Amino acid sequence: MRQQTIIQTFLSRFLILALNFGLVIFTTNFWGSEGKGIISLVIADLAIVGFFTNIFVGSSVTYFAPKLKKEQILLYAYIWSIIAGVAIPIVFSYVFYNHQYLIFLIGLCISSALLTAHINLFVGNQNIQKFNIYSILQQLVHAILLFVFIYFFKIIEVEVYFLTMIFTNLLLFVMSFKGLFKNFNFSHTIFSEDSFRKIFNYGWKTQLSAFLQFLNYRLSYYFLGFYKGISSVGIFSVGVAVSEAILMVSRSLSVVLYADVVNSNDQKDSIVKTKKSLKISFLLSFLFIVLILIVPSEIYSFVFGKDFSQTKQIILLLSPGILALATSDIIGYYFAGIHQLKILNIKSIIGLVFTIFASLYAIPKWGILGACLVTSVSYCLTAIILFCKFYQDTKFSIHDFILSERETRMLLQSLKNKFKS
């Protein structure tokens, strides 16, 4: 059953990836590198605010789903989504800069947080099928609405991208609301200081690590925007999007692994599952990197537009870091599942310090290529830290990265059965 769930999640991620690339191709050709740069920066701002809202709607929802009443979890999630979704973007806009897209950012933050709470509750209840369905619908409905608003309502400004995202999130929130409230007991929606404290303590620790890691992922966007202009952000973001497509393997495995670990009391079994996920992620990610690098650079220019001729070079420089990230993320989710959060914060802080100082030198000097080198080395550095910690507690084996003949047959058989069904 678990293998079938992994295959389903992988296939859903593949479909999400295809839809996301469709949006990337459309935005680069419709609004060019500058429009793509604006979208990338606003989505990066949304992700930053999301680390604050995710204290109560992120992995804490998944972690406490088997431990607390869902009514209490959602009560805190809804209230926090609205308060943080409004307050934090406003504070950011006045402290750091006057955000031109503030009203859209607020709408994105609130709607995204509300939907995220429901999706993570599905994972916590091991309802991976609904998680996959709503994850696909997020991309599919957004693409449909974007097409309708542009070609039927003739709204062609870049703001329509954010407006349709907001509508998509709210629509799916209402749809998922119905399923979650079939057995909803309103008598359980009572504020509990103990439950609030537990969720908050877990939430801020996981989000601190995630926020620091995000800065490793996206700080280069802001350095590029400052030193080289908004168009360079758009060009770099496309190369990053293509490279990070490879992460669909590790993210598919991580969702299932995290749900298993938080619902399990057997640490040895969790380690076995982690190592199995590790080897699948490593080998499939390596295969996808090779396939992407085979594609001629002219194809990328043809698909994304003439402004994006550097895409293959960006992918090549990012690929070592992406492979390291694809494998180490599995271990990161294992540590999060067993509530060992200190190591996640340590590796993120070290990676962030390196990213800041290296970016200040490399990006002004080498621009986009400097951003690639800094990002890739940062990913490798944080991966090494996680691997060292994991193999302090478990026995290292080269077979952790190589599928056995039996495992290969089982994986191929599962894929074959899935496609037949």
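In which helix does Leu208 lie? Leu208 belongs to helix H7, which covers residues 193–228. Helices here are DSSP runs of H or I with at least four residues, numbered from the N terminus. The model is predicted, so local features need pLDDT of at least 70 and side-chain atom pairs count only at pLDDT 80 or more, while totals for chains, interfaces and linings use all residues. Residues are numbered from 1 along each chain as its sequence is written, and side-chain values use heavy atoms, with hydrogens and water left out.

**Exposure and chain contacts**

Accessibility is given in three classes: buried is under 20% relative accessible area, exposed is over 50%, and partly exposed is in between, computed with a 1.4 Å probe on protein chains only. Leu208 is partly exposed, at 33% relative accessible area. Its C-alpha atom is separated by 9.1 Å from that of Ile55, although the two residues are 153 apart along the chain.

The table lists residues with their accessibility.

| Residue | Relative accessible area | Class |
|---|---|---|
| Lys154 | 60% | exposed |
| Tyr361 | 48% | partly exposed |
| Trp366 | 44% | partly exposed |
| His339 | 37% | partly exposed |
| Cys380 | 24% | partly exposed |
| Cys372 | 0% | buried |

**Helix H12 and two loops**

Helix H12 spans residues 311–337 and has a kink of about 45 degrees at Ser319, shortly before the proline Pro320. The bend at a residue is the angle between axes fitted to the seven residues ending there and the seven starting there. Of the 27 residues of H12, 21 are buried.

Most residues other than glycine have a negative phi. His339, just after H12, takes a positive phi of about 65 degrees. This residue is found in the loop between H12 and helix H13 (342–366). The C-alpha atoms of His339 and Tyr63 are separated by 9.2 Å, with their positions 276 residues apart along the chain. Lys154 also has a positive phi, near 60 degrees, and is found in the loop between helix H5 (128–151) and helix H6 (159–180).

**Aromatic rings**

Rings of Phe, Tyr and Trp (its six-membered ring) pair if their centres lie within 6.5 Å; planes under 30 degrees apart count as stacked, over 60 as edge-to-face and the rest as tilted. The structure holds 33 aromatic pairs. One of them joins Tyr361 and Trp366, which is edge-to-face because the ring centres are 5.7 Å apart and the planes are at 90 degrees. Elsewhere, ring pairs link Phe56, Tyr76, Trp80, Phe196 and Phe200 into a cluster.

Lys67 lies over the face of Tyr63, at 4.1 Å from the ring centre. A charge sits over a ring if NZ of Lys or CZ of Arg is within 6 Å of the ring centre and within 35 degrees of the ring normal.

**Cysteines**

How many disulfides does the structure hold? There are zero disulfides, a disulfide being a pair of cysteine sulfur atoms within 2.5 Å. The sulfur of Cys372 is 13 Å from its closest cysteine sulfur, in Cys380, and so is too far for a bond. For Cys380, the closest cysteine sulfur is in Cys388, at 13 Å, which is also too far.
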